[in-house]
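User: Let's go through the symmetry and the internal spaces of this model. Short answers, please.

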Number of protein chains: 2
Amino acid sequence: MANHKIISFVGSDQGAWDIAAIERISGNPINMASRLSILKQNVSPGEFGNVGWIFKAVISNIRYTTRSEKTELDRDGRGLNQPEFDCAVMIPIKKSDTWWAMTQDERRKVFEEDSRHIAMSMPYLPFISRQLHHSRDLGEEFDFITWFEFSSVHVHAFDKLCSTLRRSKEWEFVTRESEVRLRRIVV
Amino acid sequence: MANHKIISFVGSDQGAWDIAAIERISGNPINMASRLSILKQNVSPGEFGNVGWIFKAVISNIRYTTRSEKTELDRDGRGLNQPEFDCAVMIPIKKSDTWWAMTQDERRKVFEEDSRHIAMSMPYLPFISRQLHHSRDLGEEFDFITWFEFSSVHVHAFDKLCSTLRRSKEWEFVTRESEVRLRRIVV
């Protein structure tokens, strides 16, 4: 009966990632927490100490990417867990009812033809890895949990990627966003 | 913490719909049950007698439809719960890994340009209403629960709609499908 696809992002005082900063970008802020753990299961708050939040999400099929775009993404992307990736950023995002009422062609147009979400991200692929997680159909407070990993030497490139995306037409439909900056705990 | 979007389709000995027949179309069959109830919440089997299955799903945003198609669908569609709709059919469907690994443009091409899923369904809209429910991201055994309602005088039209869809290219990606024929219980 349990949803075996669920991934839980837990902000508490436990976990392999140290929370360096949480910044509210838009909408209601999220609570503070000192550590992040990512678990491939549905968890309950009682299992953790000082829980700030638990965000649940799944990895799903791609929704906008075309075959030619995916070929480029697969060629240049390196995947998560590279040895030099000591930084991560978790960005929970909620989009407006207007966004979700749009048809597929209307959303695709804003996402790529207007905002160049994929094309603009391409140059960053060799050193910033990304995994999108979907939350909306789980009834969660955010629609997406986006996860980025990179080396601390590329932190400025990451900042530039974020600021470019946030100036795009797509971001006019973002109603709530926070940014959680993380450092991998070396044991 | 609960997913407030969940709709539960429960096959048991309770509910407002009488199960007239269950037919396996492809893949593993589903259990028999005598009645169907649809509840807008997450339920557990202990709440029902003689449970054959509980399928969970959510109503989500549209994935393939364009604005011009939606305008036509909205103009001709009548919605569920019309007074003359004494028949319903629930069709749980699972698609192959190949389908889900396809990019958005590839899936759209099979769905509409090759299979005419929307265009072919259009003539039936004035007398057959339909609601799609998504299950895949909930980790369910089926990917979709499709629900149709119509008057018993249009049962042959419904059969024709199904057989046309099942001969389409899109259906080459369907790995499991059952058809549950229902009659509304008049009290």
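Analyst: A cavity is a set of points, on a 1 Å grid over the protein atoms alone, where a 1.4 Å probe fits but cannot get out; lining residues have an atom within 4 Å of a point. Grid points join across faces, edges and corners, and a volume is the space filled by probe spheres set on the points. This is a predicted model, where local features need pLDDT of at least 70, side-chain atom pairs count only at pLDDT 80 or more, and totals for chains, interfaces and linings use all residues. Residues are numbered from 1 along each chain as its sequence is written, and chains are lettered from A in the order in which they are written.

User: How many cavities of 30 Å³ or more does a search of the whole structure find?
Analyst: The search covers the whole structure. The largest cavity has a volume of about 150 Å³, and the second largest holds about 100 Å³. The count is 3.

User: Which class is charged residues' count in the lining of the largest cavity set against, and how many are charged?
Analyst: Asp, Glu, Lys and Arg count as charged; Ala, Val, Leu, Ile, Met, Phe, Trp, Tyr, Cys and Pro as nonpolar; the others, Gly among them, as polar. The lining has 5 nonpolar and 5 polar residues. Charged residues number 7.

User: What axis relates chain B to chain A?
Analyst: Copies are superposed by least squares on C-alpha atoms of residues with pLDDT of at least 70 in both. Chain B lies on chain A with an RMSD of 0.0 Å after a turn of 180° and a shift of 0.0 Å along the axis. That makes it a two-fold axis.

Note on methods: Side-chain values use heavy atoms; hydrogens and water are left out. On a 1 Å grid over the protein atoms alone, a cavity is a set of points where a 1.4 Å probe fits but cannot get out, and a pocket is an open set with protein on both sides within 12 Å along at least five of seven lines; lining residues have an atom within 4 Å of a point.
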